[in-house]
Amino acid sequence: MRTFVAGHEARGDFEFAELALGIDVDLFRGPLESETDGERAAREDAARDVLADLRAEAEAGDEIAGWDALYADALTRTVPFLRAARGYRAGTGEAA
């Protein structure tokens, strides 16, 4: 069975949630692959701007933006395993 959201085919539960909620998970959680300090700073700055906009829309009465803001805020508190293990070779515990 194929699932479409706004004309885009979702290729799994994760992509379906991203399309349905309109939230770029990698923007708030961070990518699964490594990123430089500059890339992370730019991503986090953009995420803060988007989150501030969602909160402003929620305060103006947009209930969906409020729920999106809660979801996005929760994503900022997650840490992908690969990012948590940064600086170590996968599976060895040895410094890279």
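Biologist: How far apart should the end C-alpha atoms of α4 be, at 1.5 Å a residue?

Modeller: The expected span is 1.5 Å times one less than the number of residues. For α4, with 13 residues, that gives 18 Å, and the end C-alpha atoms are 19 Å apart, which agrees. For the 23 residues of α3, the expected span is 33 Å, and the ends of α3 lie 33 Å apart, which agrees too. Before we go on, this is a predicted model: local features need pLDDT of at least 70, side-chain atom pairs count only at pLDDT 80 or more, and totals for chains, interfaces and linings use all residues. Residues are numbered from 1 along each chain as its sequence is written, and side-chain values use heavy atoms, leaving out hydrogens and water.

Biologist: Which pattern does the chain follow along the sequence?

Modeller: The pattern reads β-β-α-α-α-α-α, so to speak the chain's outline, with 5 helices and 2 strands in total. These are DSSP runs numbered from the N terminus: helices are H or I of at least four residues, strands E of at least two. Helix α3 covers residues 37-59, and α4 covers residues 63-75.

Biologist: How do α3 and α4 pack, and at what angle?

Modeller: Two packed helices are described by the angle between their axes and the distance between the axes. Here the angle between α3 and α4 is about 150°, and the axes are 8 Å apart. (Axes are lines fitted to C-alpha atoms over the stretch in contact, with angles from 0 to 180 degrees between N-to-C directions.) From α3, the contact (heavy atoms within 4.5 Å) is made by Leu-51, Leu-54, Arg-55, Glu-57 and Ala-58. On the α4 side, the residues are Ala-65, Gly-66, Asp-68, Ala-69, Ala-72 and Asp-73.

Biologist: Which residues of α4 are buried?

Modeller: Buried means under 20% relative accessible area, exposed over 50%, partly exposed in between (1.4 Å probe, protein chains only). In α4, Ala-65, Gly-66, Asp-68, Ala-69, Ala-72 and Leu-75 are buried, and these buried residues pack against α1 (13-21), α2 (25-29) and α3. The buried residues of α3 are Arg-40, Arg-43, Ala-47, Leu-51 and Leu-54. Over the 96 residues of the chain, 23% count as buried.

Biologist: Is Val-50 of α3 buried or partly exposed?

Modeller: Val-50 has 34% relative accessibility, so Val-50 counts as partly exposed. Leaving aside residues up to four places away in sequence, Val-50 touches Leu-27 and Phe-28. Phe-28 is 22 residues from Val-50 along the chain, and their C-alpha atoms are separated by 9.4 Å. For the chain, among contacts between residues at least 6 apart in sequence, 34% join residues at least 24 apart.

Biologist: What caps the N-terminal end of α4?

Modeller: Asp-62 does, with a side-chain oxygen 3.1 Å from the backbone nitrogen of Ile-64. Asp-62 sits in the loop between α3 and α4 and, at 33% relative accessibility, counts as partly exposed. Also following α3 is Gly-61, with a positive phi near 110°.

Biologist: Which side chain does Glu-35 join by a polar contact?

Modeller: A polar contact is a pair of N or O atoms within 3.5 Å; within protein, one must be able to donate a hydrogen and the other to accept it, and residues adjacent in sequence count only if both atoms are side-chain atoms. The side chain of Glu-35 joins that of Arg-43 at 2.8 Å. Glu-35 belongs to the loop between α2 and α3, and at 14% relative accessibility Glu-35 counts as buried. Its partner Arg-43 is among the buried residues of α3.
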